[in-house]
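Grab a pencil and work through a few exercises with the model on screen. Each one sets a task and then walks through a solution.

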Amino acid sequence: MLKHAAGKNLFDVWAPNAKTVRLVAGGHEYGMEQYDDAAAHGWWHAPAEAVAGGVDGVPYGYLVDGEGPFPDPRSRRQPDGVHGLSSTFDPSIHEWKDSGWKGRNLKGSVIYELHLGTFTPEGTLDAAAGKLDYLVDLGVDFIELLPVNGFNGVHNWGYDGVLWYAVHEPYGGPAAYQRFVDAAHAAGLGVIQDVVYNHLGPSGNYLPKYGPYLKSGEGNTWGDSVNLDGPGSDDVRRYILENAAMWLRDYHVDGLRLDAVHALRDERAVHILEDFGALADQIESETGIPKTLIAESDLNNPRLIYPRKDNGYGLEGQWSDDFHHAVHVNLSGETTGYYSDFESLSVLAKVLEHGFFHDGSYSSFRGRHHGRSIRHDLAHPSALVVCLQNHDQIGNRAIGDRLTATLSYGKLAIGAVLTMTSPFTPMLFMGEEFGASTPWQFFTSHPEPDLGKATAEGRIKEFERMGWDPAVVPDPQDPQTFERSKLKWEETGEGDHARLLRLYRDLAQLRRNTPELVDGGFGDTSVEFDDEEKWLQMSRGKIRVVCNFGDDALVTALEGSLLLSTDSEAALDEDTLTLPGASAAVVRVN
């Protein structure tokens, strides 16, 4: 982190390539000057009379070499969207009521991932706060919000953000975000914010007007890479790290989910992920409240979760796609694309025991060997965040269909049991817990007709190459695609929806009250299975989790007490457990 005053004052802005920068604020225009400090190269400051105008609610922007005015790269609020003027926001106005909040650790917790725009009919932070009692009753510990930073349009997944410091105005803006975190903490729930530092969206990205935020010609899946290691990257990294600190400090957030860290191209000796880990530890030390960083990564690289003293990055957790793929294939039978290597219970058994399936093994999807095994002395299984469904695995399907569309209650229940009793940290995607019938589709609302048309056509071509009928692929720009993706809360009290919800509640309580389901390292989980008879038994201490993937009843020798079953016909008589087809049970053995 740089050590100088630049960037600490209202209206300071970094524009190293500009010859002139002028501030437009409160209807007035002011000339700006560069700081004299050589260490503050490229930073501009406004005259005293501009700063004296107040710190809250002032519309402002910058003219860079006569162009603009553009929004502030560090704008906290964009009342008129990402192309409009910024508005000053003073976070200290909010009177926090969470002084008694002690935080939560990742180990032993359950995460609930939600998208604000489709979680409630209103699609706002305040409306989501009205559902906190439901989430407490469900038994989750953390709420993970999909990205909330400023993006163009009204509704979007959030991964097209261009103003990382702002809270999307239709969600309620920054003040509503503070209210939401306060309410979550009052309810005993931690908040994890999904953040995207690997790319910027296609509309409203004015950062290149200011400085070398991006590396032209060196791109990733979504466009130009962020400049983490080239000339001028000191202040780009500062921009990113101070944004992370803003969430953890100013907004009292308990953790960050770092999107697609494999797309963070950084050749420095100290990778930015290591800087993230150090930053979280520093803020945790200052506040006494745990600060959890979770990486989304498809690299199967355990260095992410190893301690920094052991040459790791020191993050608390990382997503594990291998668990999802192994459970999905064994429940659905789908083996196309990246599912091709995961067909058999032996794969699921390896994942449950060792964390990764691809731990240096050959990946037919990638056409090469992939991953690395996890050292059991350097990581705990709880560092792997696993799921049966998530926003990507549903929304990136052609029609955004949930497992509910194709699986019976019994198979959904098996998936729930495996997710909630695994040695890893479970994450649920909103509506999963009651088998929501609504899809979760890819939706956008780009105001620019050309961009909207290109997005829709690109989506169709993408799935046409995969053999899908273009006619069934929803138009992301159609408002109904967004409306269809909203949860139907009335389903929570209906039939198998209510039955599945009861199961998830029971599983969360069982997990909380059963130390064997939380404690113990990788070596404390063992799995037996039979691919022909389609059963799997996972042992964790004296807990046995038995899953019958087949259609016929399973009778197995087991002596103990039945803690939970997904089918009322399951029975444990003396030393024999009988499980109907497509069901699971949790037993404490004698």
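One definition before we begin: two strands count as paired if DSSP finds at least two bridges between them. Keep in mind too that this is a predicted model.

**Exercise 1. Find the hairpin that β2 and β3 form, and describe its turn.**

Start with the pairing. Strand β3 covers residues 28-31, and four bridges join it to β2 in an antiparallel arrangement. For one facing pair, look at Ala 25, which stands opposite His 28 in β3.

Now go to the turn. Two residues sit between the strands of this hairpin, and Gly 26 in the turn has a positive phi of about 60°.

Next, check the other partner of β2. Strand β6 (residues 59-64) pairs with β2 over five bridges, again in the antiparallel sense. Here Val 24 stands opposite Gly 61 in β6.

Finally, ask how covered β2 is. Buried means under 20% relative accessible area. Four of the five residues of β2 (residues 21-25) are buried, so the strand is largely enclosed by the rest of the structure.

**Exercise 2. Work out which strands pair with β23, and which way its side chains point.**

Begin with β22 (residues 535-540). β22 and β23 are antiparallel and share six bridges. Arg 540 has Ile 543 of β23 as its bridge partner. The hairpin of these strands has two residues between them, and Gly 541 there takes a positive phi near 65°.

Then try β28 (residues 583-589). β28 also runs antiparallel to β23, with six bridges joining them. In this pairing, Arg 544 stands opposite Val 587.

For the side chains, a general rule helps: in a regular strand they alternate between the two faces of the sheet. In β23, Ile 543, Val 545 and Cys 547 point one way, while Arg 544, Val 546 and Asn 548 point the other way. All of these residues are buried. With six of its six residues buried, β23 (residues 543-548) is largely enclosed by the rest of the structure.

**Exercise 3. List the buried residues of helix α10 and say what they pack against.**

First, the list. In α10 (residues 345-354), the buried residues are Leu 345, Val 347, Leu 348, Ala 349, Val 351 and Leu 352.

Second, the spacing. An α-helix has 3.6 residues a turn, so residues three or four places apart point the same way. Have a look at the list with that in mind.

Third, the neighbours. The buried residues of α10 pack against two helices, α9 (321-332) and α12 (409-421), and against the strands β21 (525-530) and β22. So β22 turns up again here, after its pairing with β23 in the previous exercise.

Last, see what comes after the helix. Gly 355 follows α10, and its phi is positive, near 95°.

**Exercise 4. Hunt for unusual backbone spots at Pro 69, His 252 and Glu 574.**

Take Pro 69 to start. The peptide bond from Gly 68 to Pro 69 is cis, with omega near 10°. Pro 69 belongs to strand β7 (residues 67-70).

Move on to His 252. This residue has a positive phi of about 60° although it is not a glycine. His 252 is found in the loop between α7 (233-250) and β14 (255-258). With a relative accessible area of 23%, His 252 is partly exposed.

Finish with Glu 574. Again the residue is not a glycine, yet its phi is positive, about 55°. Its loop runs between β26 (571-573) and β27 (576-579). Glu 574 is exposed, with a relative accessible area of 72%.

**Exercise 5. Zoom out and describe the whole protein.**

Count the elements: the protein has 15 helices and 28 strands. Its radius of gyration is 25 Å, close to the 25 Å that the globule rule gives for 590 residues, so the protein is as compact as a globular protein of that length. Along its principal axes, the C-alpha trace spans about 85 × 55 × 50 Å.

Next, the inside: 57% of the 590 residues count as buried. Of the contacts between residues at least 6 apart in sequence, 71% join residues at least 24 apart.

To wrap up, look at charge. There are 50 positive and 87 negative side chains, and the centres of the two sets lie 3 Å apart.

Conventions: Residues are numbered from 1 along each chain as its sequence is written. This is a predicted model: local features need pLDDT of at least 70, side-chain atom pairs count only at pLDDT 80 or more; totals for chains, interfaces and linings use all residues. Side-chain values use heavy atoms; hydrogens and water are left out. The radius of gyration is taken over C-alpha atoms; the globule rule is 2.2 Å times the number of residues to the power 0.38. Buried means under 20% relative accessible area, exposed over 50%, partly exposed in between (1.4 Å probe, protein chains only). Contact means heavy atoms within 4.5 Å. Lys and Arg count as positive and Asp and Glu as negative; His and the chain ends are not counted. The place of a charge is taken as NZ of Lys, CZ of Arg, CG of Asp or CD of Glu.
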